[in-house]
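User: Could you take a close look at one part of this model, the nonpolar side chains, and describe where they lie at the surface and in the interior?

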Amino acid sequence: MNLIEKYAAEAAKLSIRQYCPPRCFELAGKKLELVLDTNEETGDFILDFKDNDTLEWSFKGSAPKAEKYELRKTDDLIYLLSFNVAGKEPRENLTFVLDLEQMLVTYLRCSLGENPYYPYLIESHWGFGYIAEKGKKHTDRRRHGFTGDVVGTAVKWTYGHNTSTTHIYHDPHWYRIGYPAGEKKKRTGTSAMGEIMKKLPSADEPAYYVKIKEGVYLVSITEQNIEKILADGFMGFRSDTLCFLDNYNHLYSVGRGFGTVTTKGVDRELFVMIGKYGQPVEVDESLFTDPIPYLV
């Protein structure tokens, strides 16, 4: 029996979910009190993990609200938590980096419907702070924060046995993508997504880079230009936002995707957890130096 022939086709259907690690249940039964004191989103945030599936959360003294949650690890004590706010319209996703090694937290709120010209467009809102410990004052003034450390990096990320992309981190606020991965050329090759991308001025999209600790970074990217120019013409994917907790010590990453897929005029909600493995790759130097055509 050839197990590849037996299982590969089904595995391929998982796409960017194929290498996603199993769910993590290590926080079940724990209650975390987060103090978000830096950047746009500030206030006290409570996360009460009731069991393996459900947590209750409250922000700024609001009534607790129950949600189904997804939790993954990228390091021994660093977790990526994500869930959608049930019943919220337009839709909203909350994602956290829970750093129990340094007792720090990064908070990311992504929401649709803020731009009246592009209702599918997703915007990102950030908060940084610490995890409070009962009876212990948090005296460390350091926080996770935005960084330019990643600029100059190109990585081939592999999501499944036949799914990969190349990310080019060329600017502290932007990134570029290549299909298929690893090609040493400015424009992409013959893949379906690559052909569609040729309709754009460039593959540039806005990005945020957050340093969690040495070798571990949260990368958040949102397909805003694709949405503005192609709408549902990018294989149905709209202004999807993806964030990845990249561990360069292992060249491994966990992440989540949130957004919308439109097929034949019908919208479908997108929320997916992701795993990927990295590989160094050489790309044309121009991918680091070409100007961003969306800026004056």
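Analyst:
**Nonpolar surface and core**

Met-1, Leu-3 and Tyr-7 make a nonpolar surface patch of about 400 Å², a patch being made of residues with over 30% relative accessible area and no salt bridge, with nonpolar side chains (Val, Leu, Ile, Met, Phe, Trp, Tyr) joined within 5 Å and like charges within 9 Å. Accessible areas come from the Shrake-Rupley method with a 1.4 Å probe, and for residues only the protein chains shown count as cover; a salt bridge is a side-chain nitrogen of Lys or Arg within 4 Å of a carboxyl oxygen of Asp or Glu.

This is a predicted model, in which local features need pLDDT of at least 70 and side-chain atom pairs count only at pLDDT 80 or more, while totals for chains, interfaces and linings use all residues. Residues are numbered from 1 along each chain as its sequence is written, and side-chain values use heavy atoms, with hydrogens and water left out.

Tyr-7 lies in helix 1 (residues 3–12), helices (H or I, at least four residues) and strands (E, at least two) being DSSP runs numbered from the N terminus. Tyr-7 is partly exposed, at a relative accessible area of 47%, where buried means under 20%, exposed over 50%, and partly exposed in between.

In the interior, the largest nonpolar core has 26 residues, of which Tyr-169, Tyr-175, Met-197, Tyr-209, Ile-221 and Phe-234 touch the most other members; such a core is a set of buried Ala, Val, Leu, Ile, Met, Phe, Trp, Tyr and Cys residues joined through side-chain atoms within 4.5 Å. Among the elements that each supply at least two residues of this core are strand 11 (153–160), helix 2 (192–197) and strand 18 (266–280). A second, separate core of 24 residues includes Phe-49, Leu-55, Phe-59 and Ile-131.

Note on methods
Buried means under 20% relative accessible area, exposed over 50%, partly exposed in between (1.4 Å probe, protein chains only).
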